[in-house]
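Colleague: I should like to learn how to read individual features of a protein model. May we take them one at a time?

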Amino acid sequence: MRLRNVPGSRDMIAESPFTIKDETEWKGRWNEVFDNDHPIHIEIGMGKGQFIMTLAKEHPEINYVGIEKYSSVLVRALEKQQEMELPNIKFIRMEAENIAEVFAPDEVARIYLNFSDPWPKDRHAKRRLTSVQFLQRYENILQKDGHLIFKTDNRDLFDFSLEQVEEAEHWILLNHTFDLHHSEYVEGNVMTEYEQRFVEKGNAICRMEIMQKAPE
Ligand code: SAH
């Protein structure tokens, strides 16, 4: 994500009714935030929010939480939300590493990762959102039958992620494709901002769907 400092974005996030400020305080009671018991789907690293806001509009029966670490990107989603006023979406500005402090075990029904930062240097592998370290964090919040869906055009990151699923003890690969837009999984696919850009450039999009193994 190209970063541009957007003046006042921190203030806007702090004042917005659509962002959750003390996110750890809602751990285990996110149903109170939304005032219903609908399932919660989250996107980690949502950028400007096109993907998750499209889903929220299409699925009023699901609650969405968009997570993004940079204020200057998150404000773009807030600007859209001021127009749309979707009742079933909230945003958190936070570093994903702390995700298990924000949601209780089984509180999240689905996790989306879209075009996550590649962190190409080996010594930064732990920072990739599909590393074994992150998969372990997701185990603490994702329902046992909940899926994690990951899309990227970065083949190295995708291959790494396939290996990590294998290496992580508690995960199984449900399906994957190296060319989403020419596969059966394209049906109902909602494009992200990055995806639109990369598809226009002719890049193939990889996608995988994984879940936790049933306990033996
Ligand atoms: N999902 C969007 C944006 C992809 S760019 C799309 O597909 O269009 C990746 C985004 O993830 C960036 O906005 C970046 O700031 C955010 N991000 C990367 N690592 C993160 C982390 N550890 N915690 C929270 N957000 C993160």
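Colleague: Where does Trp-119 lie?

Modeller: Trp-119 lies in the loop between β4 and α5. Please bear in mind that this is a predicted model.

Colleague: Is Trp-119 buried, exposed or partly exposed?

Modeller: A residue is called buried under 20% relative accessible area and exposed over 50%, with partly exposed in between. Trp-119 has 25% relative accessibility, so Trp-119 counts as partly exposed.

Colleague: How should the backbone angle phi be read here?

Modeller: The general idea is that most residues other than glycine have a negative phi. In this structure, Trp-119 has a positive phi, near 40°, and is a residue other than glycine. Phe-115 also deserves attention: its phi is positive, about 55°, although Phe-115 is not a glycine.

Colleague: Where is Phe-115 found, and is Phe-115 buried or exposed?

Modeller: Phe-115 is found in the loop between β4 and α5. Its relative accessible area is 8%, so Phe-115 is buried.

Colleague: How does one read the packing of two helices, and at what angle do α3 and α4 pack?

Modeller: One compares the directions of the axes; angles under 35 degrees count as roughly parallel. Helix α3, residues 50-58, packs with helix α4, residues 71-84, at an angle of about 20°, and their axes are 10 Å apart. The angle therefore makes α3 roughly parallel to α4. The crossing of the two helices, α3 and α4, is right-handed.

Colleague: Which residues make the contact between α3 and α4?

Modeller: From α3 come Gln-50, Met-53 and Lys-57, while α4 contributes Ala-77, Lys-80, Gln-81 and Met-84. By character, the residues of this contact of α3 with α4 are three nonpolar, two polar and two charged.

Colleague: Which residues of α3 are buried, and what do they pack against?

Modeller: Phe-51, Ile-52, Met-53, Leu-55 and Ala-56 are the buried residues of α3. The elements they pack against are β1 (40-44), β2 (63-68), α4, β3, β4 and β5. Met-53 thus appears twice: it is buried in α3, and it takes part in the contact with α4.

Colleague: How can one tell whether the buried residues of a helix share a side?

Modeller: An α-helix has 3.6 residues a turn, so residues three or four places apart point the same way. For a case here, consider helix α7, residues 193-201, where Tyr-194, Glu-195 and Phe-198 are buried. These residues cover an arc of only 95° around the axis, and therefore they are on the same side of α7. The buried residues of α7 pack against β5, residues 142-152.

Colleague: Which residues touch a loop residue such as Ser-16, apart from its neighbours within four places in sequence?

Modeller: With those neighbours left aside, Ser-16 is in contact with Lys-21 and Leu-78. Ser-16 is found in the loop between α1 (9-15) and α2 (30-34). Its relative accessibility is 4%, so Ser-16 counts as buried.

Colleague: What of Glu-95: where does it lie, and is it buried or partly exposed?

Modeller: Glu-95 lies in the loop between β3 (89-93) and β4 (108-114). With a relative accessible area of 31%, Glu-95 is partly exposed. Neighbours within four places in sequence aside, Glu-95 is in contact with Lys-69 and Phe-134.

Colleague: How many residues along the chain separate Glu-95 from Glu-166?

Modeller: They are 71 residues apart along the chain, and their C-alpha atoms are separated by 25 Å.

Technical notes:
Residues are numbered from 1 along each chain as its sequence is written. This is a predicted model: local features need pLDDT of at least 70, side-chain atom pairs count only at pLDDT 80 or more; totals for chains, interfaces and linings use all residues. Side-chain values use heavy atoms; hydrogens and water are left out. Axes are lines fitted to C-alpha atoms, for helices over the stretch in contact, and angles run from 0 to 180 degrees between N-to-C directions. Helices (H or I, at least four residues) and strands (E, at least two) are DSSP runs, numbered from the N terminus. Angles under 35 degrees count as roughly parallel, over 145 as roughly antiparallel, 65 to 115 as roughly perpendicular and the rest as oblique. A crossing is left-handed if the near helix is turned anticlockwise from the far one by less than a right angle, and right-handed if clockwise. Contact means heavy atoms within 4.5 Å. Ala, Val, Leu, Ile, Met, Phe, Trp, Tyr, Cys and Pro count as nonpolar, Asp, Glu, Lys and Arg as charged, and the others, Gly among them, as polar. Buried means under 20% relative accessible area, exposed over 50%, partly exposed in between (1.4 Å probe, protein chains only). The arc is that of the directions from the helix axis to the C-beta atoms.
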